[in-house]
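Good morning. I will take a few minutes on one chain, going from a single loop to a sheet, then to a pair of helices. Please have a look at it first.

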Amino acid sequence: MKSKREANTRFRLVLTLGLAVVVPALTLIYVNFQHVKSIQRGKKFEALIHRDFQYLLSNSANKINAKAYELTEQARDAFPSEADSDKEKRRKFDLLLDRSPWFAHAFFYDAKKGVIVQPHRAHTDEKELVNLDKMYSGWFSLEGPHLVEQLCKKPKPIMWYSGESDGPNGSTYTTTAIFTFPQLAKDRPVLGGVSFDPNYLKQNFFPQLLEEFTSQKLNDGSGQDSNEPEEQRLAMLVYMADTSREEPERPLATSAGWNGGKPEVSLSLDNPFHGLALGIKFQGTTAEAIAHRWVVQSFLILVVLSVLMIGGLVLTYRSVNKQVALARLKSDFVSNVSHELRTPLALIRLYAETLELGRITTQDKKNEYYSIIRKESERLSSLINNILDFSRIEAGRKEYDFRETDIAELVRNTLDSYRYQIEQQGFALEEHIDPSIPAVKVDREAIARALVNLVNNALKYSDSEKFLAVKLYREQSVLKLEVSDRGIGIERNEQARIFEKFYRTCDPLVHNTKGSGLGLSLVRHITQAHGGGVEVESTPGRGSKFTVWLPLAQST
Ligand code: ADP
């Protein structure tokens, strides 16, 4: 009946845990698992990073273009006017170019006066100058008016000619701006222009901008951790992306941290830098590696969560199981104690009534009845003492009164008051008490109660061979009190549990013997309060030996 109720309680518990915790938690874990898997399968994480890269590249491209326009417009504002003499023009060009190291040369075209080309003082090369002069004169005499017409139609009257040229130091890239002047009438066939210095582009212009771009964070700083790990820093490059050439990526400039290899995402630049492309990647890692690490981390977290949940469930289940078992033990305890109280009381009453009636005539018989009454009342008080002690311990109110005690005498006295009962029950009692043990500070009553509990157990749990041995001796700085019997013994797996409150073994003899399951838990508490402990050695069917040990040196 009891076990059926317990099984019911357990079933209800499992059901509640299942419905309230396990199913929702497992569903959540499963959904998350699937989610991570779908992210992994669809390479969504990489796609997200690549989208950010795209965004960053197009932003950077805009900034590069804006910078080129800005420099060009500044130059246009400082251009000589068409009314200036050639000499004045050249002087103004020199001034302008001195202030603008990014330009290699500037030129001015007026349909009426021809072309003036002025190189930067730092790169004057007569031959090149002649070539440039020839080129611009030829070109503008043919297309000048047409170019002016085209430029006037544009919202920003600047057009660009960019490309690579093979020089003595390999191929170089530059771009040239050609513009009209907004302050002049639209039909005036006048053009100006500046050409960027290829070396400046390569060594200053692009490297500086790339450094600026890579020092900012992905997503333009939003949503990213400010203390980005080292490996997630960005690296960028500008490369010549002329598809007609054999090698696809010939770097023109790179940011710090670019250690070769291919960019993860690229973007072709438009005018003013047509023919170039921007590339980006992570320093020291790839989007794929980051995505892989994220997926592994997510899976790990899910696994840890699952393990924690299972662990938590097992713990909850076990603790509830323990509570259920404790509740059963408590109810057993109540019925056992009631029985234990009833039996001696009934006996006392019976023998007292018999004596009262005066029917017993022989002194021997009377003595026997008196002794039964005494014995039963002793049992009663020992049981009540146990219960009182136990309740004090449970409430944390148990106090011990430690005094210098001759422990050999204490053990002997306690045994003496039980000797009659022991012998009456047909037990052979062996005593080995070392009289030389020094006085120790103990609570007399508590130690006596521990001994009585152990002796009582030996008497209760012996059937065929009735033997009891009590040994008190010293082992270095430890005092040992052994109580041995040759009774029913205790199964190995139950030996630790018998010291728990209310615990009683499953042996049929134990079942038929009344007890509260409190005795050994009291013994353990008492010995621990004295700084010692209690141990058991037992073989089922052969007997048990309980050893109480108390420290001699540091005994309180
Ligand atoms: P109680 O004797 O009132 O049941 P105890 O706490 O004294 O409670 O003992 C707990 C259990 O340990 C007993 O129910 C019994 O199963 C087992 N036990 C204790 N002492 C012995 C012993 N000497 N021999 C065999 N079993 C014992």
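Where is the place of P272? P272 sits in the loop between β8 and β9. What you are looking at is a predicted model, and in it the peptide bond that joins N271 and P272 is cis, with omega at about 5 degrees.

Now the sheet. β8 and β9 belong to an open sheet of four strands, in the order β7-β6-β9-β8, and the pairing is antiparallel. In general, strands of a sheet pair through backbone hydrogen bonds, either parallel or antiparallel. The edges here are β7, residues 250-254, and β8, residues 265-268, each of which pairs on one side only. Neighbouring strands are turned against each other by 30 degrees on average, if direction is ignored.

To take one pair: β6, residues 234-240, and β7 are antiparallel over four bridges. Within it, L237 stands opposite T254 in β7.

Which strands does helix α2 touch as it packs on the sheet? Helix α2, residues 44-77, touches β6, β8 and β9, the last being residues 276-282. The direction of α2 makes about 140 degrees with that of β9. Helix α5, residues 198-215, packs on the sheet as well, touching β6, β7 and β9. The direction of α5 makes about 145 degrees with that of β6.

On to the helix pair. The axes of α8, residues 407-424, and α9, residues 444-460, come within 10 Å and cross at roughly 40 degrees. That angle is why α8 is called oblique to α9. The crossing is right-handed. On the α8 side the contact includes I407, L410, V411 and Y418, and on the α9 side R444, I447, L451 and L459 are among the residues met. By kind, the residues of this contact divide into twelve nonpolar, four polar and two charged.

One more loop. Q476 lies between β13, residues 467-475, and β14, residues 478-485. Q476 has a positive phi of about 50 degrees, although it is not a glycine.

Last, confidence. The chain averages a pLDDT of 85, and 94% of the residues score at least 70. Over residues 219-231, however, the pLDDT is below 50. That stretch does have twelve contacts in the model beyond near neighbours in sequence. Where pLDDT is low, the predicted coordinates should not be read in detail.

Terms used
Residues are numbered from 1 along each chain as its sequence is written. This is a predicted model: local features need pLDDT of at least 70, side-chain atom pairs count only at pLDDT 80 or more; totals for chains, interfaces and linings use all residues. Side-chain values use heavy atoms; hydrogens and water are left out. Axes are lines fitted to C-alpha atoms, for helices over the stretch in contact, and angles run from 0 to 180 degrees between N-to-C directions. Helices (H or I, at least four residues) and strands (E, at least two) are DSSP runs, numbered from the N terminus. Angles under 35 degrees count as roughly parallel, over 145 as roughly antiparallel, 65 to 115 as roughly perpendicular and the rest as oblique. A crossing is left-handed if the near helix is turned anticlockwise from the far one by less than a right angle, and right-handed if clockwise. Contact means heavy atoms within 4.5 Å. Ala, Val, Leu, Ile, Met, Phe, Trp, Tyr, Cys and Pro count as nonpolar, Asp, Glu, Lys and Arg as charged, and the others, Gly among them, as polar. pLDDT is the predictor's confidence in each residue, from 0 to 100. Two strands pair if DSSP finds at least two bridges between them.
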